[in-house]
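Good morning, colleagues. Please turn to the sequence and the structure on the screen, and I shall take you through the main points.

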Amino acid sequence: MKANATTGSALPLSAHTLPTLRGCAIFAGLSVEEDREWLARCHSRTLSAGESLVDFEDMSKDVFIVQTGEIRAVLRFSVGKEAILGSFKRGDILGEQSAIDDMARSASLMAVSDATVTVIPCIVFLDILRQRSDVALALLQLLSKRIRAMNDRLSELSFLDTKHRLYNTLLRLSRVRNDGGRERIISPPLVHAELAEHIGASRETVSREMSRLAREQLVERTSRAIVLKNPIELSRRISRALEG
């Protein structure tokens with residue numbers, strides 16, 4: 001694979017995580033041969049946990065597909081102050097906004113864990129969009145979905161206080177437990193500082209509220225997960241806050 005000027009030669013992926021564009025939803029319609037041809041014009045980059053992929057206001061225009069690990073989009077306001085805009089895992093696309101509007105990066109991208117991404121040069125990405133209307137349509141649908149999610153976050157910040165934003169974030173980040181019960185889990189568990197970044201609050205505020213939820217037996221923290229013991233009650237509290 002092509003060497004990367006920042007990180008050196010890209011490390012090979014294991015056999016079960018071979019790079020692919022088709023693993024990303026917007027490229028799902030590509031044939032195996034088309035996937036191979038477009039990949040030949042791309043390259044891979046590996047990152048260690050905590051390493052930056054791109055910085056805020058960077059003028060690069062590459063687009064990225066996550067192949068392994070997790071990448072996070074953040075806005076840094078000052079030292080130690082940042083807001084998490086989203087997290088991206090295998091099959092997710094990111095960085096496409098700068099390729100489309102030819103403007104500087106609107107957020108920093110950082111590896112949460114060791115990660116590998118496929119780097120699609122801007123010119124290659126635009127070639128695909130010009131040649132494949134189905135990919136362009138799928139991208140529009142994805143961008144529309146992200147705008148809706150952003151509107152939801154804006155509403156949350158506008159109409160909910162800190163503790164109810166926390167409840168909403170816990171519900172949004174969780175998934176149904178696989179035991180058929182009503183509980184939901186966030187696994188691996190987020191530390192309080194990360195939850196604070198999601199809701200625009202201090203770590204101390206989140207710690208106090210999480211302790212209160214634990215005393216009320218609504219939330220339980222284990223070494224492997226944050227368990228929402230009664231997600232229905234958290235939803236009720238959010239609804240009451242919005243009504244009142």
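**Phe125 and the nonpolar cores**

I begin with Phe125. Setting aside neighbours within four places in sequence, Phe125 has contacts with Phe27, Val63, Ile93, Glu96, Ala99, Ile100, Ile120 and Leu139. I should say at once that this is a predicted model.

Phe125 also belongs to the largest nonpolar core, which has 20 residues. Within this core, Leu21, Ile26, Phe27, Ile93, Ile120 and Phe125 are the residues with the most contacts. Strand S3 (63-68), helix H3 (122-131) and helix H4 (133-159) each contribute at least two residues to the core. Which element gives the largest share? That is H3, with five residues. Another core, of 19 residues, lies apart from this one, and Leu170, Leu195, Leu228 and Leu234 are among its members. As a general remark, nonpolar side chains in soluble globular proteins tend to be buried together.

Let me turn to strand S7, residues 108-111. From this strand, Ser108 and Met110 point one way, while Leu109 and Ala111 point the other way. Are these residues buried or exposed? All four residues are buried. In a regular strand, side chains alternate between the two faces of the sheet. S7 pairs with strand S2 (residues 52-54) in the antiparallel sense, over two bridges. In one of the pairings, Met110 of S7 is the bridge partner of Ser52.

Finally, a word on confidence. The protein chain has a mean pLDDT of 88, and 91% of its residues reach 70 or more. Over residues 1-16, however, the pLDDT is below 50. That stretch has 22 contacts in the model beyond near neighbours in sequence.

How values were computed. Residues numbered from 1 in each chain as written. Predicted model: local features only at pLDDT ≥ 70, side-chain atom pairs only at ≥ 80, totals over all residues. Heavy atoms only, no water. Buried < 20%, exposed > 50% of the residue type's maximum accessible area, 1.4 Å probe, protein only. Pairing = 2+ DSSP bridges. pLDDT = per-residue confidence, 0-100. Contact = heavy atoms within 4.5 Å. Core = buried A, V, L, I, M, F, W, Y, C linked by side-chain atoms within 4.5 Å.
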